[in-house]
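Hello,

Here is the structure I promised to pass on. My notes on it follow below, so you can read them with the model open beside you.

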Amino acid sequence: MKTLVTIIGAGPAGMLLSEILARQKIDSIVVERQSRDYVKSRIRAGVLEQTTVDVLRENGLADRLDSEGHVHDGMKIVWAGKESFFIDVKKHVDKQFVAYGQTSIQEDLFAAANRRDARIVFNAEDVKLHDVQSKKPSVSFFSNGERVSIETDFIAGCDGFHGVSRQAIPHDVLKEYEKVYPFGWLGILTERPPLPDIVYANHPRGFALASMRSPTLSRYYIQVPLDAQLVEWTDERFWEELRSRFPPEMARAIVEGPSIEKSIAPLRSYVAEPMSYGSLFLAGDSAHIVPPTGAKGLNLAVSDVFYLSRALTSFYKTGNEALLDEYSATALRRVWHSVRTSWYLTNLLHRFPTANQFDQKAQEYELEFLRSSASAQAALAEQYAGLPLEELK
Ligand code: APR
Ligand code: PHB
């Protein structure tokens with residue numbers, strides 16, 4: 001097989017890249033390890049920055065998002081014994097964000113790919129990258145028991161944190177930055193109306209979050225110890241624990257229902273540098289992971305893909321490699337801002353088992369400062385909304 005860009009991974013990063021390239025008449029093949037149904041069914045975060053919505057809209061991918069997404073002006077923060085306060089993103093930075101699940105985005109991307117008859121290989125086994133340092137790289141894999149090889153100009157590694165692409169960068173070139181947090185998030189999805197706002201709660205029993213997917217679908221999370229097991233968490237126990245972490249009036253407003261999905265995810269911050277090597281370019285979770293606090297993961301995947309598709313388009317239109325050379329540095333500037341924001345919010349809102357009384361006081365005063373200072377709220381609003389994409393000079 002032969003194509004200009006071989007994209008490894010059919011998650012949001014890979015599928016969005018193939019869509020944007022197709023709109024620029026740049027041929028690509030997507031190679032995915034899992035089945036289409038498996039990829040479609042993954043439940044992930046669901047808050048889109050305005051920049052993300054803009055990129056999707058510019059590429060004809062926002063029809064359903066525009067009709068079903070729930071637009072928000074800001075989010076609430078509460079902590080035990082205090083009044084809640086609202087971080088008004090609209091007021092401070094004149095941006096909004098949209099609650100719309102990654103599951104729906106994945107469906108929209110597959111629907112768009114179907115319409116253009118995109119080349120996607122599902123169930124590809126033992127995917128390997130070859131000669132990535134050269135200008136003639138290739139990708140091979142097993143499909144239906146046969147090894148298939150794709151000759152290509154470029155490889156886009158969009159295969160998530162556990163993918164193979166990042167491993168193709170030599171150890172002495174790749175620098176990894178990592179922070180693992182001493183807790184996880186237990187999340188549930190239920191077919192009940194959500195609270196009107198996204199609410200982040202800091203409570204002595206641990207962090208909690210009220211979020212949503214649609215007017216009839218709510219998403220809630222609670223901080224749990226790293227060794228928590230799903231079997232220990234019946235729905236009943238979850239609801240009781242969730243309510244205990246919100247102030248009484250919010251707790252009463254939470255509408256309980258049976259969980260239709262329940263999972264535990266550990267929290268980690270991770271960045272790999274550089275995000276490119278030879279003919280290989282990483283985008284999305286393959287290059288970086290953020291803890292879910294602030295919902296930056298999908299938004300970063302979209303900004304990476306925006307920069308990478310712009311660089312590839314520029315190369316194919318003009319032969320100029322400058323934007324490809326700058327891709328890693330450009331993408332990393334936005335990545336590090338969001339990595340820092342999600343680390344900050346994680347520290348602000350969770351109860352760390354390792355915290356001493358000093359740490360606890362410092363966290364409370366940070367929250368108090370945020371509650372009482374308009375400039376602190378404006379700074380958080382700016383970070384929560386996400387930085388603008390860098391324009392070409
Ligand atoms: N070969 C081919 N495909 C692979 C391989 C491999 N060796 N390893 C992983 N994949 C596939 C996965 O099955 C998955 O479908 O790559 C895809 C990666 O998708 P995601 O993990 O969703 O990553 P990405 O597209 O970067 O999206 C980032 O996902 O984790 C969330 O918070 C994150 O919302 C963000 C988004
Ligand atoms: C979600 O809806 O899944 C969500 C919302 C906000 C976050 C994280 C996750 O900060």
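**The chain as a whole**

About 17500 Å² of the chain is exposed, and 51% of that area is supplied by carbon and sulfur atoms. Please keep in mind as you read that this is a predicted model.

The secondary structure amounts to 12 helices and 19 strands. The radius of gyration is 21 Å, close to the 21 Å that the globule rule gives for 393 residues, so the chain is as compact as a globular protein of that length. If you want a feel for its dimensions, the C-alpha trace spans about 60 × 45 × 40 Å along its principal axes. Of the 393 residues, 54% are buried. Among contacts with a separation of 6 or more, 71% are between residues 24 or more positions apart.

**Ligand 1**

Next, the two ligands. Ligand 1 is surrounded by 24 residues, and the closest of them are E32, R42, R44, Q102 and D285. Three of these are worth opening up in your viewer. The side chain of D285 has an N or O atom 2.4 Å from an oxygen atom of ligand 1. For Q102, the corresponding distance from a side-chain N or O atom to a ligand 1 oxygen is 2.5 Å. R42 places a polar side-chain atom 2.8 Å from an oxygen atom of ligand 1. On its own, ligand 1 has 710 Å² of accessible area, and the protein covers 91% of it.

Which elements give two or more residues to this shell? They are α1 (12-23) and α9 (297-318). The largest share, three residues, comes from α9. By residue type, the shell around ligand 1 consists of 10 nonpolar, eight polar and six charged residues.

**Ligand 2**

Around ligand 2 there are 14 residues, with Y200, S211, R213, Y221 and G294 the closest. A side-chain N or O atom of Y200 is 2.5 Å from an oxygen atom of ligand 2, and one in the side chain of R213 is 2.8 Å from a ligand 2 oxygen. The backbone takes part in this list too: an N or O atom in the backbone of A295 lies 3.3 Å from an oxygen atom of ligand 2. How much of the accessible area that ligand 2 has on its own does the protein cover? The figure is 100% of 280 Å².

Strands β14 (208-214) and β15 (217-224) each supply at least two residues of the shell around ligand 2, and β14 has the largest share with three. This shell divides into eight nonpolar, four polar and two charged residues.

**A look at Y270**

One last residue to pick out is Y270, which is found in strand β16 (residues 259-273). Is Y270 buried or exposed? Its relative accessible area is 2%, under the 20% cut-off, so Y270 counts as buried.

Beyond its neighbours within four places in sequence, Y270 is in contact with F161, R166, E176, Y177, E178, A287, H288 and I289. With one of these, E176, Y270 makes a polar contact from side chain to side chain, at 2.5 Å. F246 makes a useful reference point along the chain: F246 and Y270 are 24 residues apart in sequence, and their C-alpha atoms are separated by 30 Å.

That is everything from my side for now. Happy browsing!

Best wishes

Notes: Residues are numbered from 1 along each chain as its sequence is written. Chains are lettered from A and ligands numbered from 1 in the order in which they are written. This is a predicted model: local features need pLDDT of at least 70, side-chain atom pairs count only at pLDDT 80 or more; totals for chains, interfaces and linings use all residues. Side-chain values use heavy atoms; hydrogens and water are left out. A residue is near a molecule or strand if one of its heavy atoms lies within 4 Å of it. A polar contact is a pair of N or O atoms within 3.5 Å; within protein, one must be able to donate a hydrogen and the other to accept it, and residues adjacent in sequence count only if both atoms are side-chain atoms. Accessible areas come from the Shrake-Rupley method with a 1.4 Å probe; for residues, only the protein chains shown count as cover. Helices (H or I, at least four residues) and strands (E, at least two) are DSSP runs, numbered from the N terminus. Ala, Val, Leu, Ile, Met, Phe, Trp, Tyr, Cys and Pro count as nonpolar, Asp, Glu, Lys and Arg as charged, and the others, Gly among them, as polar. The radius of gyration is taken over C-alpha atoms; the globule rule is 2.2 Å times the number of residues to the power 0.38. Buried means under 20% relative accessible area, exposed over 50%, partly exposed in between (1.4 Å probe, protein chains only). Contact means heavy atoms within 4.5 Å.
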